[in-house]
Structure formats: structure tokens, C-alpha cells
Amino acid sequence: MTGEFTRLNLRYNPFEPAASGMPIMPTVDRRPWVPERWASPLQRFLDEMQRTQGTKAFAILGEYGSGKTYLLRWLEQEELPKRRIRAFFFDNPGVQFYDLANALMRQLGREEFAKALWEFLSPRLPGFQSSLFGNTFQEWLRTVKKHRRQEDAIRELSRKIQEKGIANIREIQYKLARLIVETYERPYFEYKDFVAGRRGALVPEKEEAPFFASILRALRLIGGAESVAFLIDEFEEVSLQKQLTKRQAHEYLATMKRLINLTEREQFWIFVAMTPQAAEITEQLEPALLEERFITHGRIPPLNAEEAKELVTNRLAAARPEQNAHVDSLFPFPKNLVELLREDIYSSPRRLVKVCSVAVGRAASEEIPAPFTAEYLEQIQEELYPRPAQDAPSS
Amino acid sequence: MALWMRGSVSFVALRELIAYIAQHPEGVRTKEMETWAREKVRLRTQSGKLVSKTTVYHYRNTLRHLGILVVANGRYQVARERPFVLQLLEAIRPGTPKLSLQERELFARFVIQNPDCREYFFDLFMPEGLTDYDLEVFLEKGQPVVWRRVELEGKRVEELYNVEQNKKQRLIRSEDERQALLYGVRYWARNELGFMDEIFLEAIGGLMFPVYLRGPVPDPSILNALREAISAQEEWTTFSLRKLAATWGPRYRLSLDRLYDTLEWVYRKFSRYVVLIPTSESFATLTATSHQVEKYHLRGYYQDENGRYISHMRVHRKLKEVM
């Protein structure tokens, strides 16, 4: 297959056929590239809110294919780690508060989370020789179980949880401690663990928000991070899985409000990506959410000609062979690529990438001459995104 | 007194009934009317069922209240001496599946001049002090009216109010009023005769407004308004189509169909400068509680040829120059 691309001075097709989210190799140095106009509002927001108090929530608005997921991934992989913000990515998390807790804890894994927290807390059980507990988390859990010291272990862990400032409420301290100790019997989370009020639930009833805040604090402390960020993609798709009742719709918005409230008090950030329609309906149903709470929201601007060219150039550069001949940076595309594309194509990252993907893929297999001609590109554009037939005016 | 307006009334069926009765100058008895409707022409309701005797009752009752039929000696006759009835008789073309523009316009005149329809519904749309109005004045001067469900003393009621004069309002408390106004007159004006349209907005409710029955596509006033609204500074301007509909619909008295047909014409003619932005169908019906309500919410959206519901439209500034 590589051979077929050699003629195009590429090792592979750097454009994915169904552009959605982050490609495996976006640039030469593997670091995701975003246009300056996309990055700067988010960077300004991060700069400002890292220094001041207030709601740390940002809504990224964009149509389908405008690059919302890509921008969230850029935050996750590039911008947030630079600022020592630990990022968690959520794709369509569900409508209720425990759905989010569930999604978060499953992402972390119970054993991993419990182990990290245990290491951070370093509990000491009185009356036991330290050698009895061994050095590893698993050995400690086994010994506690064997000597029936679960209650003592929970008490000690609760004390440490308070001492380290993870939780002040006793019930939350107890539940978190239980989460660690019971990992021996059940090293995984179940959905019911996060449904407050259910028997054996790890979330205390009516204390979901403080519990969540404690988890966030724990995550920050055990990860040595300055703060934690949630990146929530496809906000508008939550209702796709099932038809939401009016109550569920409001529950979803209530979840968002509670999370946003947390961002004011905790070292916690939220970035939500949504379509303009989702923003509009959210604003109508819950005006405070976008007007006052989400103090910042920004629309992803469509790519301009320069940015479109840069996107293509970056992708091509990542796929060039090591002994790169001195070819034009846009080869196998012509130098005036963007001029040959329609405004509605090059302004949309998904459309642009898709057109480029088909152009390169077809050229590799069908011996299409390079640089590509205007007719060839026009044909692909029309195939993928045909212009609608013109209607005659009528009365 | 119970109100007589009902949503089960099809104006196509009313037209057929008028044509049938007009053939019998001596008048038609109830029984004959039912036999004709149910056995001879086998009239169907919108759901495709054979009309019931009750539906035939509502048909003749509606025509009698609208002043198109009179009853003399137990026989229903066409009230030829009343205003517009002769015009209607000349205009109607029975046998077609839809009403012609002229038929719709004439029926609209009967509905708008009916005292019950005015008192309970159309008066709400009229500016303060304007009580003497006909179809033309209603279309020219009528103001938008919102209907929405509210809770009052623990009960769910419907509230209708004039957007420009909040004091002008009506509460619908009984099922009879609900059937007559929301599913009767409102439905006739919006769906059957097309001289009123409506868009659902989550925060407000159903926004109803008068619309002209005829007009060109593309509509020049919408093309002008669009040209004006495109930002000269930004490369692309994004419009919420429902916001446009809720603003330009009442302002230019244009139905959603004509407005969206105009925007579709723009999209087809200048496709490189226009990007349609679809929405998730389930988000568009986020607050809907039933399939019927879902359909009602979706009717405010423009649906493109691929069946996608379009919530927004992105327009390039070059459109300002080329359109």
C-alpha cells in the first residue's frame, strides 16, 4: 500500500475518510494543531480563570463537523496537561448526576483509583506489625480481610481522608474508605454503586455533590495535578439513546448546574461541546446556565482560506517519507488548492478532510496524475457534497 | 353554552357537502346527508376512517354556524342570500383532494366573520380598539398570540395572550373550550385554511401569527431582510432559523413554509455561500412528552431534502453582494 502513495510523496493517506475527532498523527511532532483563532479564546479563558475566582466552565459551540471534538481533544492532550490540569473526556455521559460519576469512575477503574488513594493516604492500623500488611495494596487488602479488620481499616482511612482535606462530611469519608477496603471483594464498579439511596451504594444519599467534590479533590491530590477538568462532548446527543421526558431533560440541566456550581468552589473545570441548537434550547430552558453560569462560551469559527491550507499542509507533512524530496508543501494538491475548493467545503474541517481523503486515496489506486487538477477536485467535491439543484422562482 | 367548533372538521369534506346540498334546492334531511356521506361518497376522516354520524353532525353544524347552510322545515339548504355564499358556490370545485387557494380564502372569510370564532379566538390577535375587522384587516393588523400550558391553582390550563398587549388574554379551563379553540379554530386557521401559522419556542410556547394566503417564492422581503442581516465584518454569519421564523414570520406575515422555501431557494442558488446546520432530532424535541407533541415541535423546523432537521444556517458575507 505504501508503494502506491510513494508517487504522491506520502507514506500513507493522512486524511481520514470519516473525519471525526482527533487523527492518530495530526502533525509531524504528533502534537495536535489548532488554528490560532480557535486556541486563543480558550487560552485566554484558562489564563484568566487560573488567576481569579469564579465559574470555570466553557461552552464550545459548533455545528457538526466544525471541529468540536477535535478541539476538546486538543485541550485534553495539549493545553490542559501543560497547565497541570488533569483532563477526563466524556462522550455522551447520560442525564443524571450519577451517570457522570459512573462514567468517571469507570474511566479510572476501581482498583486503580482505590490503590492510588490508598497510597496517598498511607493508612496505619494500630496493633498490627507493619510486616503483616506487606508492601502492596493487594497484600494490605488481603490481610485486612483475613484478620477481619475491615471496620478498623475503614475508620483509619476515614481519619486520613479528613486529615488530607479530601472530605469533611463523615458519611462521605466512610463511603470513600469503604470504596477502598471493599475493592478486595469487588475490584470493579457497578452502575448501582453510584445511585444514591440504593443498598450498598458508594454515593451518600442527598450528598451527591459533596461526594463528587471529594472525588475531584482526591483525583487532584493523587495525580499531583493542580486541578481536574471534565471535557463533555456531544452534549446534545444525550437524548438520542432514549426519549427524554420533560423531567429527565430538566434533570440533565440540573446535573450541569450542580457541576458548574462545583467549578466555583473546587479546583475543577468544565468544557462542554454542543451544537448551536443545543445552546439555543439550553438557553431557553435554563437562561441562567448560558447567560450567567457559563460565563464564557465561544463559537468555533469556520476555517478561513489560510487555516484550511495550514490544516492540509500539516497533515501532509506528517505523512511525508523521511527522505523528503523538496516538493511543494501542498503536493499532491496544487498550490492553489483552497481557491479550487468551494467556500462551504474548505470552511468545514470535516468536509475539507473528507475531500482530501478521497482525492489522495483515489489518486493512489487509480494513477491519477499529481498535482491534482482543478477538474479532479471539482469532481470529488461534487460527488461528496453535491450542489443542490436550482429551483426556479414560483408564485 | 357549549362551543361548536371542532378540529375533526375537514374543510375539503365541508366543500363536498356544500356541493351536494347545492344540488338539492329543496334541501337535504339529516338522514339523507348521512347516507350520502357514509354510503355514497364514503367520506373519510384524516386518519382514513369512514366518517361517523357524529362527524357528519359536526360538518353540518359547522356550516350552519358559519352561515353557509340554513335549516328550514328540517331540511338543510345553502343560504344563497348570505354574503360570500354565492361566490363560494361559484368557486368550489368538488372532487379534488385539497382546497384551492380561492376556496381557502373564501372559507377563511366565513371563519373570521363568525362571532364565536372572533370572540373566543381572533379578537385576541387584534390591536387595542380594533373590533371591526375582516380577513384583510386581520391579516394586515393581527398581532402574534402565544398559547402555552400553565399551572393554575394546581390545575393545568392553557393560557393565550397577545404578545404586544399582555392584558389581552384568555384562559382555557374546560375540555369543551380546548376542543373548540385549540383543536378547532386554531387548527382550521393554521392547517386547513392557512391564514395563520405557528412556531413552538421552548421558553415561550406556541407563537401564532396571521399569514398571507398567497405570495411569491422567493419572497423579496425575506431576501432583503437576509441581505441586511448578513454581517459585513465576519466572514460567516450564523442564523438560527427558528429565531428568524419567529421574527420574520409575524413581521412579514409569512408562513413557515414560504419563509423556509425562500431560504431553501437561497441555498440552492448560492450553495457555495450557504451551509445548512442540522440538529439532532431528539434534542429538537427535548421537552416533548408524546409523539404528537414531538411532531408539533418539529413542524417549526426546516427539513431539507435529506430529511434532516435544520436548526441554523451559516451564510458567507459574499452572499450580500451576489444575491
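**Exercise 1. Polar contacts and salt bridges between the chains**

Task: In this predicted model, find how many residue pairs are in polar contact between chain B and chain A, and how many salt bridges there are between them.

Solution:
- Step 1. Start with the polar contacts: counting pairs with both residues at pLDDT 80 or more, there are ten between chain B and chain A.
- Step 2. Now see which parts of chain B supply the touching side. The elements of chain B that give two or more residues are β8 (236-240), α10 (241-252), α11 (256-269), β9 (274-278), α12 (281-284) and β11 (309-316).
- Step 3. Of the residues on this side of chain B, α11(B) provides the largest share, five residues.
- Step 4. Sort that side by residue type, and you get 18 nonpolar, 13 polar and twelve charged residues.
- Step 5. Turn to the charges: four salt bridges run between chain B and chain A. You can look at the one that pairs Arg272(B) with Glu343(A), where the closest N and O atoms are 2.7 Å apart.

**Exercise 2. The area of the contact**

Task: Work out which three residues of chain B supply more of its buried area against chain A than any other three.

Solution:
- Step 1. Count the residues taking part: 43 from chain B and 39 from chain A.
- Step 2. Take the area: the two chains, B and A, bury about 3500 Å² between them, and carbon and sulfur atoms hold 53% of it.
- Step 3. Within the part that chain B buries, 21% comes from Arg268(B), Arg272(B) and Phe283(B), more than from any other three residues.
- Step 4. Follow Arg268(B) back into its own chain. Its side chain meets that of Glu264(B) in a salt bridge (3.1 Å, N to O). Why can these two reach each other? Arg268(B) and Glu264(B) are four residues apart in helix α11 of chain B, so about one helical turn separates them. Both Arg268(B) and Glu264(B) are buried.

**Exercise 3. Two more salt bridges**

Task: Decide whether Lys160(A) is buried or exposed, and do likewise for Glu198(B).

Solution:
- Step 1. Recall the cut-off: a residue is buried when its relative accessible area is under 20%.
- Step 2. Lys160(A) has 13% relative accessibility, so Lys160(A) counts as buried. Lys160(A) forms a salt bridge with Glu163(A), with 4.0 Å between the closest N and O atoms. The two sit three residues apart in helix α7 (residues 150-163) of chain A, so the separation is about one helical turn.
- Step 3. Glu198(B) has a relative accessible area of 1%, so Glu198(B) is buried. Its salt-bridge partner is Arg190(B) (3.0 Å, N to O), and Arg190(B), at 14% relative accessibility, is buried as well.
- Step 4. Put the pairs in context: a search of the whole structure gives 44 salt bridges over all chains.

**Exercise 4. The nonpolar cores**

Task: Find which residues have the most contacts inside the largest nonpolar core.

Solution:
- Step 1. The largest nonpolar core has 67 residues, and Phe11(B), Phe122(B) and Phe195(B) have the most contacts inside it.
- Step 2. Helix α1 (residues 11-22) of chain B gives this core eight residues, the most of any contributor.
- Step 3. Zoom in on Phe122(B). Beyond neighbours within four places in sequence, its contacts include Val111(B), Tyr133(B), Phe138(B) and Phe195(B).
- Step 4. A separate core of 65 residues also exists, with Ala101(A), Trp118(A), Ile180(A) and Leu216(A) among its members.
- Step 5. A general tendency fits here: in soluble globular proteins, nonpolar side chains tend to be buried together.

**Exercise 5. Unusual backbone angles**

Task: Say where the cis peptide bond that ends at Pro371(A) lies in the chain, and whether Asn73(B) is buried or exposed.

Solution:
- Step 1. Keep the background in mind: most residues other than glycine have a negative phi, and most peptide bonds are trans.
- Step 2. The bond from Ala370(A) to Pro371(A) is cis, with omega near -5°. Pro371(A) lies in the loop between α16 (349-366) and α17 (374-384) of chain A.
- Step 3. In chain B, Val217(B) and Pro218(B) are also joined by a cis peptide bond, with omega about 5°. Pro218(B) belongs to the loop between β7 (205-210) and α9 (220-229).
- Step 4. Asn73(B) has a positive phi near 50° and is found in the loop between β1 (69-72) and β2 (75-78) of chain B. With a relative accessible area of 75%, Asn73(B) is exposed.
- Step 5. Asn9(A) also has a positive phi, near 60°, but Asn9(A) is buried at 10% relative accessibility.

How values were computed. Residues numbered from 1 in each chain as written. Chains lettered and ligands numbered in written order. Predicted model: local features only at pLDDT ≥ 70, side-chain atom pairs only at ≥ 80, totals over all residues. Heavy atoms only, no water. Contact = heavy atoms within 4.5 Å. Buried area = accessible area lost by both parts, 1.4 Å probe. Polar contact = N/O pair within 3.5 Å; in protein donor to acceptor, adjacent residues only side chain to side chain. Nonpolar A, V, L, I, M, F, W, Y, C, P; charged D, E, K, R; others polar. Core = buried A, V, L, I, M, F, W, Y, C linked by side-chain atoms within 4.5 Å. Buried < 20%, exposed > 50% of the residue type's maximum accessible area, 1.4 Å probe, protein only.
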